[in-house]
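Please open the model in your viewer and keep the sequence panel beside it. The tour begins with the whole chain and then goes from one selection to the next.

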Amino acid sequence: MTPRYSILIPAYKKTHLDAAIASVLSQDYEDWELIIVDDNSPENLSDIVLPYLSDTRVSYSRNANGHGAQHIVENWNECLKLARGEFVMCMGDDDLLMPYCLSEYDALIDKHPGLDVYHTRLVVIDVDGNTRSEQEPRPELESAYSMLWNKWNGCRQSIGDWLFRTEALKENGGFVDFPYGWASDDITVAAVARRHGIANCNVFCYGYRMHDAAITSTHNTQLTLGKLEAWDAVSSWLDIWFETPPANAEDGELRDLLIQHKTSYISSRKRGDLYHGLTRSPQSLWFYMKCPCGVPRPVVFALWIKRLIVG
């Protein structure tokens, strides 16, 4: 039988995988499947997964060749190919679902049927599972334009706190693929939610784990350049997306604001990623000064000076 929900875990890291899987099996809503795809990890993930395979709702496979961090979204889409559920969500291999996550989604779908994208709030947790911060509240219903505008003005989100209608996500070509998955969550939501908008549940249902091994926290020259490249790809994607007129005047005004602020937003994100890269590796200044990173050399140097002052 087709399950109501497909939960995807594109897996690579072993440390918190057991807790992630256990959080799915702890759901108070039982009509789901869990799809774990091991991206040819050097760690022995099968030791973690095998005890859970006694539950027929859990499946596990291993890629013969890993996609790697730069092409992490390709593994998201490998998982998506296997999804049979009516709705699908993609969670990190170190994140957590609250026990009532799927029940809250089911109530939200019953209240607002016919949409392609649903959302619950996340809490940011540390390596020990302690809450460090909370995602901002959202309106119960909003458009893709509203989501982007709120994101650009400081609202946090990850791929794991979104639920997609599987058919709509697959029709969209799957998760939008940018290097290192940078902004792939925002843009995938914008693409899939454009027709019908988003329903938000303001209950905290997802735990997003921040730690030094996470891509969001990691910075080296190759990864930083990949993130800067991703922002250029995001900018080009948005230019095409903005060409389609919104369905109503309110979204038209939001689209105009997004177009007006796009260049400054992309530039600020690129500067932020470059600054963090310099913070982790100050000796890489000359590398960024000489390479085509898309940030003017005086700005690169100013960020390096800021890093020295801040320490």
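For the charge count used here, Lys and Arg are taken as positive and Asp and Glu as negative, while His and the chain ends are left out. On that basis the chain carries 29 positive and 42 negative charges, and the mean positions of the two sets lie 7 Å apart. Please bear in mind throughout that this is a predicted model.

**The whole chain**

With everything selected, a cartoon view should show eleven helices and ten strands. The C-alpha trace spans about 60 × 50 × 35 Å along its principal axes. How does the radius of gyration of the chain compare with that of a compact globule? For 311 residues such a globule would have a value near 19 Å, and the 20 Å of the chain agrees with this.

If you now colour by relative accessibility, 54% of the 311 residues count as buried. A surface representation corresponds to an accessible area of about 13,800 Å², of which 53% belongs to carbon and sulfur atoms. In a contact map limited to separations of 6 or more, residues 24 or more positions apart account for 78% of the contacts.

**The start of the chain**

Select Met 1, which is found in the segment before strand 1 (5-11). Met 1 counts as exposed because its relative accessibility is 95%, the cut-off for that class being over 50%. A distance drawn between the C-alpha atoms of Met 1 and Pro 42, which are 41 residues apart along the chain, comes to 34 Å.

Move on to Tyr 12, in the loop between strand 1 and helix 1 (17-25). At 40% relative accessibility Tyr 12 counts as partly exposed. Which residues does Tyr 12 touch, if those up to four places away in sequence are set aside? The partners to display are Asp 39, Asn 40, Ser 41, Pro 42, Glu 43, Leu 45 and Asp 93. By contrast, Pro 246 is 234 residues from Tyr 12 in sequence and 39 Å from it in space, C-alpha to C-alpha.

**Two positive phi angles**

From the contacts of Tyr 12, pick out Asn 40, which sits in the loop between strand 2 (32-38) and helix 2 (46-49). Asn 40 is not a glycine, and yet its phi is positive, at about 55°. Its relative accessibility of 27% makes Asn 40 partly exposed.

Next select Tyr 180, in the loop between helix 6 (166-171) and helix 7 (184-193). Tyr 180 is also a residue other than glycine with a positive phi, here near 60°. Is Tyr 180 buried or exposed? Tyr 180 counts as buried because its relative accessibility is 7%, and the class takes in values under 20%.

**Helices 8 and 9**

Select residues 221-241 to bring up helix 8, whose 21 residues reach 30 Å from the first C-alpha to the last, close to the 30 Å expected at 1.5 Å a residue. With side chains shown, look for the buried residues of helix 8, among them Leu 223, Leu 228, Trp 231, Val 234, Leu 238 and Trp 241. Gly 226 and Lys 227 are also buried in this helix.

The last stop is Ser 267, in helix 9 (residues 249-280). Ser 267 is partly exposed, with a relative accessible area of 27%. Draw a final distance from Ser 267 to Asn 248, which is 19 residues away along the chain, and the C-alpha atoms prove to be separated by 29 Å.

How values were computed
Residues are numbered from 1 along each chain as its sequence is written. This is a predicted model: local features need pLDDT of at least 70, side-chain atom pairs count only at pLDDT 80 or more; totals for chains, interfaces and linings use all residues. Side-chain values use heavy atoms; hydrogens and water are left out. Helices (H or I, at least four residues) and strands (E, at least two) are DSSP runs, numbered from the N terminus. The expected span of a helix is 1.5 Å times one less than its number of residues. Buried means under 20% relative accessible area, exposed over 50%, partly exposed in between (1.4 Å probe, protein chains only). The radius of gyration is taken over C-alpha atoms; the globule rule is 2.2 Å times the number of residues to the power 0.38. Contact means heavy atoms within 4.5 Å. Accessible areas come from the Shrake-Rupley method with a 1.4 Å probe; for residues, only the protein chains shown count as cover. The place of a charge is taken as NZ of Lys, CZ of Arg, CG of Asp or CD of Glu.
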